[in-house]
Amino acid sequence: MTTIPHVLSLFAVLWSPDLAPQGPSPKSPGAAPAAGKSAPTFTQDVAPIVLGHCATCHRPGEVAPFPLLSFADVQKRGKMIRQVVDDRFMPPWHPEPGYGEFRNCLRLPDADVHTIDAWVEGGMAEGPKEALPAPFAGEPLEIGFNPEFLRDGIESVQSDEIQLKLISPLRPGLIQGEGDDYSYLIMPIRLAG
Ligand code: HEC
């Protein structure tokens, strides 16, 4: 069941931080120093890597044999993922490093490989669900919705992937599942300030 992370990640994107306080920010004074940093988590550290570098192929309908979209997908294959990124077998990218830069380089930065190593070694924690990144395209846009209506719309989508399509702060938004015919129209509300 992957509905809840979607709800929370969308809320995290749509709500301004002062409306939805989410604990101390990483930059707050007294944050743990890098040396004493605890093990990476999926939602905070690993999901941005996997969604950015692996999910283009590792999703239903694409060339890779299994999806890497959710925490369960990635945790289930954690050891194997570590192996293939350590060996530089994945992402598939053949040119050896050190012979000039290629455009559209798929090679994973060393720091990302180390993050995956540390995550698998540290026990593959999920992390706070609201930290899960929601990929987006287009211009930044501030738009308010009644959170209950937003949740209703998102929860009635059957597929694992949910798209929220927005045009302007004054026009309705559209909630759609990937590959199902269902569309949910949601009216914006006026934001204070
Ligand atoms: C350009 C498309 C593409 C990208 C990007 C990609 N993969 Fe793959 N991946 C594949 C394909 C195709 C296979 C099947 C390869 C095979 O069986 O030889 C595969 C297989 C795998 C396997 C199984 C390997 C095995 O030995 O069976 C793992 C694990 C994996 N990928 C992890 C990842 C991870 C982690 C990333 C991101 C860091 C990633 N992949 C990025 C296309 C991709």
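Biologist: Which helix gives the most to the shell around the ligand?

Modeller: That's α4, residues 78-86, with four residues in the shell. Bear in mind that this is a predicted model. In total, 18 residues surround the ligand, and the closest are C54, C57, A64, M90 and P91.

Biologist: What makes up the shell around the ligand by class: how many nonpolar, polar and charged residues?

Modeller: The shell divides into 14 nonpolar, three polar and one charged.

Biologist: Why are α2 and α5 called oblique to each other?

Modeller: Helix α2 (residues 42-53) and helix α5 (residues 110-121) pack at about 130°, with axes 10 Å apart. Roughly antiparallel needs an angle over 145, and roughly perpendicular covers 65 to 115. The α2 and α5 pair is therefore oblique. The crossing of these two helices is left-handed.

Biologist: Which residues make that contact between α2 and α5?

Modeller: From α2 you have D45, V46 and I49, and from α5 D112, T115, I116 and W119. By class, that's four nonpolar, one polar and two charged residues.

Biologist: On to the sheet. What makes β1 and β3 the edge strands?

Modeller: β1 (162-165) and β3 (183-186) each pair on one side only. The sheet is open, with three strands in the order β1-β2-β3 and antiparallel pairing. From one strand to the next, the twist averages 20°.

Biologist: How do you know that β2 and β3 count as paired?

Modeller: Pairing takes at least two bridges. Strand β2 (residues 173-177) and β3 have four bridges, in the antiparallel sense. G173 stands opposite I186 in β3.

Biologist: Which helix packs on the sheet?

Modeller: Helix α6 (residues 147-155) does, touching β1, β2 and β3. Its direction makes about 175° with that of β3.

Terms used: Residues are numbered from 1 along each chain as its sequence is written. This is a predicted model: local features need pLDDT of at least 70, side-chain atom pairs count only at pLDDT 80 or more; totals for chains, interfaces and linings use all residues. Axes are lines fitted to C-alpha atoms, for helices over the stretch in contact, and angles run from 0 to 180 degrees between N-to-C directions. Angles under 35 degrees count as roughly parallel, over 145 as roughly antiparallel, 65 to 115 as roughly perpendicular and the rest as oblique. A crossing is left-handed if the near helix is turned anticlockwise from the far one by less than a right angle, and right-handed if clockwise. Two residues are in contact if their C-beta atoms, placed from the backbone, lie within 7 Å. Ala, Val, Leu, Ile, Met, Phe, Trp, Tyr, Cys and Pro count as nonpolar, Asp, Glu, Lys and Arg as charged, and the others, Gly among them, as polar. A residue is near a molecule or strand if its C-beta atom, placed from the backbone, lies within 6 Å of it.
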